[in-house]
Amino acid sequence: MHLVELIDNLSDKKHGGLPEVEITSVTADSRFVGPGSLFVAVSGDRVDGHDFIASAVTNGAAAVVGQRETTNLSVPYIQVSNARLALAELASAWHGHPSRELVMIGITGTDGKSTTANLLFEILEKASIRAGMVTTVNAVIGDEVLDTGLHVTTPDALDVQGYLRRMVSAGLTHCILETTSHGLAQHRVSAIEFDIAVVTNITHEHLDYHGSYEGYFDAKAMMFENLDPENVKPDGIAKAAILNRDDRSFEPLKRRVSAKIVDYGVGNGADVRAQAIQSGLEGLQMQIQGPDYRVSVSSPLVGTYNASNILAAFSAAVEGLGIDPRIASEGIAALEGVPGRMQAIDMGQPFTAIVDFAHTPNALKRALETARDFTEGRLIAVFGSAGLRDREKRRLMAEVSAELADLTILTAEDPRTEPLEDILAEMAAGAQAKGGVEGETFLRIPDRGEALRRAVAIARPGDLVITCGKGHEQSMCFGTIEYPWDDRTALTAALAELVGREGPEMPGLPTSPD
């Protein structure tokens, strides 16, 4: 594309005139700059792209976009007020604005995003709608499944727009995009034209980045504020916001929306509501009541809290997309589970062992409450709290477990460059604040593999061991290095050792004994 053609897509720009320069690629990483590249200098938390402008020009950049006042460059420089937003707009333009050719469903929230996205994907499959999906677990484009990263985040703007273009090229018509608060705040999805926006809940998370619950809420609200009811795509659907009436976010989010609102919940006041909920190890059963329908819904998903995720997906499908409620019910029943979400691991041991992704106070509370319902024995919980992230939740999560679990084992979970012993000390203080006694009701075991071994060794017949916080993730970060780690593999290894069966080796970490 020509430089002028690309730059015309920026909502905010300042330059002294542009030559007819052919652009061969767009990148925010100076290492990927080649002859003809357009380099976007983005200021990050640790690295400032403006410091690499000279290197980008040396490597062949044909033009540069950035926020700082910059002079004496040998290539055109386009100044913007927000380089992250500019990158999103340029990424969309570079890929031909693919979101304009798709029905875009965005799903955000603190907990339940991936489960809701997968439920909705199954519903669209049952409705014979050709849909793609991008979650924090993977991207699904037709028969292709792509890994979207080691840790939870929305992919960057160039990757997201690339996925959307591939969906259009594959003949897909709909896209489900899981959207994190970081993805919204950092404008990774700002140039995407959403048709339906769904929220699961907004609870305590990422306050280290957003500064406060209000800042976190504002980031989530961006997707809903951008639903323009006047900007309907050709042959498109009416813009709609799908809100959780049971969540504290409902009223403040409602005030931010100018499009159609559909609310869901378990209370009688909701547009779409669940009734007669029954939950057990075999899954969930409920009745869903809508404005002019009532359908029975069964799901293999365990945990009463998943009723809310089911309602969110059902509401988006039926009230947002116009899918028949009976087809939506069939789609919900088709989802057997989501990797690392209340996933049982069975190696023949005489107790239940579960892996779950719960990594926030609210999610941990729901996971432990669900686990408690599944056992008449003791509940043993294993989890940690990440370094360089929201510190307050360390105390909060330990408090939750001290109240709900019989035994809590505090261990490593991505300490990054923070001392692991300091993180565990903060968590231990939280457990003690709720009456926890170290050595009796809670333990500190820094190595996660050893923590799992101890948990299964302590477990008696009829108990339940649950390890939380990592779920589907494939690595754990110590310092700045990502070490291979999968909780499902590690728990399987611990159980295999316990019962004397063949199994995988326990993954090694820097904390592992020699």
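A nonpolar core is a set of buried Ala, Val, Leu, Ile, Met, Phe, Trp, Tyr and Cys residues joined through side-chain atoms within 4.5 Å. Keep that in mind for the views below, which all show a predicted model.

**View 1. The largest nonpolar core has 58 residues.** Look for Met342, Leu364, Phe383, Ile409, Ile466, Leu491 and Leu495, the residues with the most contacts inside this core. Apart from this core lies another one, made of 45 residues. Ile129, Ala240, Val262 and Ile323 are among its members.

**View 2. Here we zoom in on Met342 and what it touches.** Leaving aside residues up to four places away in sequence, Met342 is in contact with Val302, Tyr305, Ile354, Val355, Asp356, Ala367, Thr370, Phe374 and Ile466. Ile466 may look familiar: it too is listed with the most contacts inside the largest core.

**View 3. Eleven strands form an open sheet.** Follow the strands across in the order β8-β7-β6-β9-β5-β10-β11-β12-β13-β14-β15, and you will meet mixed pairing. At the edges sit β8 (144-147) and β15 (294-299), each paired on one side only. On average, neighbouring strands of this sheet are turned by 20° against each other, direction ignored.

**View 4. Strands β5 and β9 run parallel.** Five bridges join β5 (residues 103-108) to β9 (residues 174-178). One pair to find is Ile105 with its bridge partner in β9, Ile176.

**View 5. Two cysteines, Cys175 and Cys477, are shown here.** Cys175 counts as buried because its relative accessibility is 0%, and buried means under 20%. Cys477 has a relative accessible area of 6%, so Cys477 is buried too. The structure holds zero disulfides.

Methods: Residues are numbered from 1 along each chain as its sequence is written. This is a predicted model: local features need pLDDT of at least 70, side-chain atom pairs count only at pLDDT 80 or more; totals for chains, interfaces and linings use all residues. Side-chain values use heavy atoms; hydrogens and water are left out. Buried means under 20% relative accessible area, exposed over 50%, partly exposed in between (1.4 Å probe, protein chains only). Contact means heavy atoms within 4.5 Å. A disulfide is a pair of cysteine sulfur atoms within 2.5 Å. Two strands pair if DSSP finds at least two bridges between them. Helices (H or I, at least four residues) and strands (E, at least two) are DSSP runs, numbered from the N terminus. Axes are lines fitted to C-alpha atoms, for helices over the stretch in contact, and angles run from 0 to 180 degrees between N-to-C directions.
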